[in-house]
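Q: I keep reading words like "paired", "edge" and "buried" in structure notes. Can we go through where such labels come from?

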Amino acid sequence: MAHWLCSRREQQEAGVVSRFDPRFWTVNFPRPMMAAVTNPAADALRVDAVFYKHDDLAGLIWEAEDRFDHPLLKYETARDFRDCRLRFRWRSAGVKPLDAVNGPTLTIEGRDAAGAARAWYVRLWNYAVGTPEDAVVTLDFAALAGGFLLPGEADPVWAGDVDRMFVSLVAPDYDGSAAPLPAAREGWVELTGVACNGPGSVIGIGDAVLPEHGFAIASGYDDSYNLTPARLLRNALHLGYRGAITHYVGMSHYFRLDALYGGFYVGLTGGVLNVACVAWHRDFAGRARSLGYDVIWSLSYELFDAHCWNDWKQRAADGAPAQTGWEPPSTLLSPCHDGAMGYLRQVAAAFVGIGVGAGLAAKFQVGEPWWWTMPDGRPCLYDAAAVAAFAPVAIPTVRAAMDAAQRATMDRAGAALAASTTALAGWVKAAFAGCETYLLTYLPTVLDAAAPELKRANMPVGWAYPAFDVLQLEDYDWVTEGDTASTARGVAAAQARLGYPVARQQYLSGFVLRPDQAAQWSRIEAAAQTARARGVAAVVLWALPQVMRDGFVHFEGDESVQDYDDVLFPLALGREAEVAPAFSTAILTAAGGAEQRSAGWAEARTSYDVGPGVRSEADIATLLAFFRARMGPARAFRLRDPFDASGSDEGIGVGDGTQRRFELVKHYGASVRRIVRPVAGSVRVAVAGVPTQGFVVEADGVVVLDAAPAVGAEVSASFGFDVVVRFAEDRLRVARSTFLAGEAVSVPLIEVRT
């Protein structure tokens with residue numbers, strides 16, 4: 001596989017960057033407030049924020065250690081700031097000013113000269129020249145002091161071992177209580193002319209640039225809201241991703257909120273999107289266009305549960321709301337609720353409008369729309385709007401056989417979902433002429449083998465081509481579990497049910513939920529390569545934040561050129577062909593004649609001479625053409641051994657109740673030979689002696705059963721197989737005169753281990 005999980009830079013390209021470079025600041029804040037940091041200029045940053053409670057506080061953060069960029073692109077960890085002098089112009093509105101109590105304070109977290117952990121609180125007004133909302137601030141970290149009033153309350157800072165520092169930003173009516181503000185407060189801060197001077201002002205940074213490759217990338221606002229768009233897109237560009245970025249706008253950070261009934265609920269007061277989200281996405285869209293990216297704006301039916309109106313939520317028959325397993329949970333919006341769907345239409349148009357305003361083509365994706373299923377199998381088809389729309393009958397679980405009335409309910413639910421998604425996409429198309437629409441469906445859920453009727457509701461025939469311009473397929477549960485059989489069947493089922501030509505399909509491969517699961521990237525890339533070979537229009541990795549976190553690198557070029565062609569040697573071999581199995585054995589003979597033998601290979605490596613199969617001048621022409629196509633010994637191919645090309649009732653494993661993958665092997669007494677090139681259609685499998693059709697065979701000779709065999713059940717297989725070989729020499733000598741005289745041609749081949 002052409003990939004690498006990079007944990008740190010080795011000898012890749014590096015450069016330098018000024019400390020406090022505006023691209024590398026982050027923000028953090030508590031729910032429900034929102035903030036975003038962007039870069040209006042190379043030496044400037046801007047924070048936009050919206051406050052909902054009296055104790056809301058946003059931090060504008062610089063970290064000594066880069067915890068977000070890809071390992072190839074991180075900046076150097078440098079904790080000693082004593083040789084740095086930071087200067088910037090501060091301008092603000094809608095936040096407490098520099099001179100106020102609880103005004104902007106630089107908190108420095110680290111250790112003192114003795115190594116004891118502590119923090120210092122530096123009031124920026126003490127180092128400012130100008131007005132409380134427009135001043136030049138100069139911070140010399142070798143001569144900095146915390147404390148509100150100087151010099152009387154001075155607390156000298158030792159900046160030799162710093163972890164992070166952040167500037168606190170609060171609303172003008174901040175008082176530390178959790179009470180809601182009378183209305184949402186919007187504020188902003190701009191730092192311009194940001195400059196760091198002194199011997200410690202420059203640090204190293206990764207600057208590797210991978211060549212453009214064939215994968216596109218997806219991203220998600222909920223995973224990247226704290227970063228600048230410039231930083232996020234720098235990673236995408238340097239890692240070789242091109243084309244359209246599938247950008248999931250998320251379910252928890254884009255909305256505006258209204259205080260009501262002791263909580264906060266999504267609303268349209270003052271606009272559709274909050275000011276921080278708008279600022280971030282305008283910057284993101286503009287930078288994406290300037291870098292040559294398109295953006296597919298992805299919006300799902302998922303919404304942060306705590307801020308969702310109760311009557312918008314899908315519900316089970318007992319009234320329980322649909323809730324995901326995230327903590328805190330999200331919920332799913334009912335496709336039948338006019339208010340919920342009207343809200344989504346406004347959100348979709350707002351995001352696509354941001355892209356169009358930046359000069360991008362209009363592209364919109366409806367992301368993973370479905371009716372939720374509870375963990376115990378109860379479908380969430382019973383919210384008041386759904387009951388009014390299609391009168392669902394009782395379905396205790398989708399994981400049991402259904403009668404005609406229950407199947408009809410699932411069909412009506414599917415029709416409602418299709419109508420909802422079509423209306424959403426149609427709204428955007430009406431607002432933006434020529435908008436390209438995408439539908440993303442998650443195959444492991446909508447084609448759950450344990451719930452075969454679920455596809456009626458969650459992959460409705462109303463989605464059939466050409467309802468959308470492009471069908472996007474995602475299946476990461478199957479991929480990360482190594483269940484290629486389910487992927488193959490799922491893709492085939494989706495294509496058969498919805499009818500999108502392969503050129504109108506895209507494939508999303510990923511994602512890796514936790515850092516300790518990074519080994520899953522190998523399967524993710526393999527699935528992406530398989531989809532590419534299938535001919536889909538684009539292969540997209542999900543998602544950039546996980547790529548950055550785990551250090552995933554995909555590369556192409558010389559390393560990606562296959563050294564194997566899946567073609568059979570074109571000449572039929574007779575019994576005259578020579579076959580010579582060989583081992584590598586080291587034999588040490590003692591003075592007395594005793595031997596010590598060491599086998600270097602567990603399996604024989606076979607050599608062949610297939611020259612006797614050349615029987616005519618036409619055969620010579622075929623052989624020469626085949627030799628040229630393989631570039632001599634450069635590319636391997638299949639050969640059918642005339643003496644050994646099948647296995648019968650070979651034991652390939654014993655069930656343990658969970659394992660479904662078994663490698664094809666052939667037994668030669670106590671010796672076992674791995675079979676990696678079975679003949680297509682030749683494999684027959686039995687479990688506990690009973691033949692089964694419930695399996696698929698992967699290209700490398702791995703049988704994947706539909707169901708795991710019971711503990712102790714023997715799995716056996718019969719099959720035909722080929723051997724992977726290459727030409728043994730760079731030259732192929734064939735003389736017409738010697739051939740006509742009856743002299744045998746010599747065509748040596750040698751087995752290739754895979």
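A: Sure, let's start with strand 40 (residues 684–687) and strand 41, which pair in the antiparallel sense over three bridges. Keep in mind that this is a predicted model.

Q: What makes strand 40 and strand 41 count as a pair?
A: Two strands pair if there are at least two bridges between them. Strand 40 and strand 41 have three bridges, so they pass that cut-off. Within this pairing, A686 stands opposite P691 in strand 41.

Q: Which sheet do these strands belong to?
A: An open sheet of four strands, in the order 36-44-40-41, with antiparallel pairing. Strand 36 (646–654) and strand 41 (690–692) are its edge strands, as each pairs on one side only. From one strand to the next, the twist averages 30 degrees.

Q: Why are strand 37 and strand 42 said to stand at the edges?
A: They sit in an open sheet of three strands, ordered 37-43-42, where the pairing is antiparallel. Strand 37 (661–663) and strand 42 (695–697) each have a single partner strand, so one side of each has no neighbour in the sheet. The twist here averages 25 degrees from one strand to the next.

Q: How do you know that strand 42 and strand 43 pair?
A: Count the bridges: three of them join strand 42 to strand 43 (residues 702–705), in the antiparallel sense. With at least two needed, the pair qualifies. F695, for instance, has L705 in strand 43 as its bridge partner.

Q: What makes strand 25 "largely enclosed"?
A: Buried means under 20% relative accessible area. Six of the seven residues of strand 25 (residues 436–442) are buried, so the rest of the structure largely encloses this strand.

Q: Which strands does strand 25 pair with?
A: Strand 24 (residues 363–367) runs parallel to strand 25 and is joined to it by five bridges. Strand 26 (residues 470–474) also pairs with strand 25 in the parallel sense, over five bridges. Y438 appears in both pairings: Y438 is the bridge partner of Q365, and Y438 stands opposite V470 in strand 26.

Q: Why is F148 called partly exposed?
A: Its relative accessible area is 34%. Buried would need under 20% and exposed over 50%, so F148 falls in between. F148 lies in the loop between strand 12 (145–146) and strand 13 (155–156). Together with V101 and L149, F148 makes a nonpolar surface patch of about 270 Å².

Conventions:
Residues numbered from 1 in each chain as written. Predicted model: local features only at pLDDT ≥ 70, side-chain atom pairs only at ≥ 80, totals over all residues. Heavy atoms only, no water. Helix = DSSP H or I, 4+ residues; strand = E, 2+ residues; numbered from the N terminus. Axes fitted to C-alpha atoms, helices over the stretch in contact; angles between N-to-C directions. Buried < 20%, exposed > 50% of the residue type's maximum accessible area, 1.4 Å probe, protein only. Patch = residues over 30% accessible without salt bridge, like charges linked within 9 Å, V, L, I, M, F, W, Y side chains within 5 Å. Areas by Shrake-Rupley, 256 points an atom, 1.4 Å probe, with all protein chains shown as cover. Salt bridge = Lys/Arg side-chain N within 4 Å of Asp/Glu carboxyl O.
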